[in-house]
Amino acid sequence: MKKITSVLLLSAIAAFAGDEWNSQTGFQDWGRPARCTVTYENGHLQMNVTGKDCSVSNAKVDLDPNDYESIMIEYRADGDIKPNPGQFYFAGEDGAITGKKFWKINPLKADGKWHQTWISEIPGGMELWTQEKRITRLRFDPFNIGTGKVELRLIKFIRRTLFIEPADEDIGYGSSMHPHLWITGRKSKSTFIVGKGNRFDHRYRFLARLPLDTLLPKGQVKKAELQFQLRFFVGSKPSRIYLVEAINEEILKLKANYLNAGRVTLLGKVELSAENVNLPVRIDMTKVVNQALAEVWSGVTIRIRPEDEPNDDHGASGAAINPNLVRMYYTR
């Protein structure tokens, strides 16, 4: 019985480790260090980096790329690590690590503390990931310049769920006092806008209309959750409270001034700071989505804006919200 139990346990661990490596499953599949030495302790992987462009790789991988849409990593780092981005390379059936086939890793915080980072951007486009039939190899390059230590306790591929994202033309930015900010949004091919306040006006906003057409036939969802991410946080204040609101009327062409006349439902308040850059911010919007579906709306408009909008606060801070990462996840 003991032998059978052990075999079953090992089989369960092997199955679980297919898309996640952590303290329980271990990191022993990760090796072949380049410009670093590797040790394994308490289920963690420790990289002692000795040169530029360090990496570890894993050739025991079998992932269906269509099942996954992002990666979560928990790490701590210290040493002379320069503030530069890293890469999480992937290979298809040919096993070749090449070119633009990588997820972008934002600069690590080398302060000796544990941090969680959410990787969701492929600079060459998501199609580089989804066009592969199978993912057979991974390579983790935490940074390119500097030396120091990096310890990993979690690499987890996040499974894809149903989601709706706003179309480019349904995204707007800016303040009702500064309509010229509209040209700094998607229409100028910028992928994000910095909502940094200035001495004249701090009412910078993110606006987006989420289409609900695909949900209308059944008319109700069990759960709807808005998720968005920050590219970075700016300003002299360490954090700021933002309101996440839904506009209870159909607005087919977004303009900041139009929203002043709309009926607004507060979905929640979130504290945005440098600490939650690249992490998903989640807001429940089940009730407002079901209300919109019941009233046969084809979409619902969301607004994210600072709670406090003084016009004379020189230390105001703001958040850069990436519209490519604004989505509404739902279950039927």
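Modeller: A residue is buried under 20% relative accessible area, exposed over 50% and partly exposed in between (1.4 Å probe, protein chains only). This is a predicted model, in which local features need pLDDT of at least 70 and side-chain atom pairs need pLDDT 80 or more, while totals for chains, interfaces and linings use all residues. Residues are numbered from 1 along each chain as its sequence is written, and side-chain values use heavy atoms, with hydrogens and water left out.

Biologist: Let's start with strand β10. How many of its residues are buried?

Modeller: Strands (E, at least two residues) and helices (H or I, at least four) are DSSP runs, numbered from the N terminus. β10 covers residues 137–141. It is mostly covered, and the buried count is 4 of 5.

Biologist: Which residue of β10 stands opposite V56?

Modeller: Two strands pair if DSSP finds at least two bridges between them. β5 (residues 55–58) and β10 pair in the antiparallel sense over 3 bridges. β7 (residues 86–91) and β10 are also antiparallel, with 5 bridges, and A91 stands opposite R137. Opposite V56 is F140.

Biologist: F140 is also touched by L152. Why does L152 count as buried?

Modeller: L152 is found in strand β11 (residues 146–159). Its contacts (heavy atoms within 4.5 Å) beyond four places in sequence include F27, H44, W114 and F140. L152 counts as buried because its relative accessible area is 1%.

Biologist: How far apart in space are L152 and S23?

Modeller: In sequence, 129 residues separate the two. In space, C-alpha to C-alpha, the distance is 9.1 Å.

Biologist: Now for the cores. Which element gives the largest share of the largest nonpolar core?

Modeller: A nonpolar core is a set of buried Ala, Val, Leu, Ile, Met, Phe, Trp, Tyr and Cys residues joined through side-chain atoms within 4.5 Å. The largest has 36 residues, and L226, V289 and M328 are among those with the most contacts inside it. Its largest share, 4 residues, comes from α3.

Biologist: How many residues are in the other core, the one with L152?

Modeller: This core lies apart from the largest one. Its members include Y68, I73, I135 and L152. Its residue count is 34.

Biologist: Back to helix α3 (residues 286–294). Which strands does it lie across?

Modeller: Its buried residues are T286, V288, V289, N290, A292 and L293. They pack against several strands, among them β18 (239–247), β19 (264–273) and β21 (299–306). The helix lies across β16, β20 and β23.

Biologist: Why do β12 and β20 each have one side without a neighbour in their sheet?

Modeller: The open sheet has 4 strands in the order β12-β23-β16-β20, with antiparallel pairing. β12 (163–164) and β20 stand at the edges, so one side of each is left without a neighbour. Each has a single partner strand.

Biologist: Which residue of β23 is the bridge partner of I164?

Modeller: β12 and β23 run antiparallel, joined by 2 bridges. The β23 partner of I164 is M328.

Biologist: Which residue shares a side-chain polar contact of 3.1 Å with E69?

Modeller: E69 is in strand β6 (residues 68–81). At 8% relative accessibility, E69 is buried. A polar contact is a pair of N or O atoms within 3.5 Å; within protein, one must be able to donate a hydrogen and the other to accept it, and residues adjacent in sequence count only if both atoms are side-chain atoms. The partner of E69 is R327.

Terms used:
Axes fitted to C-alpha atoms, helices over the stretch in contact; angles between N-to-C directions.
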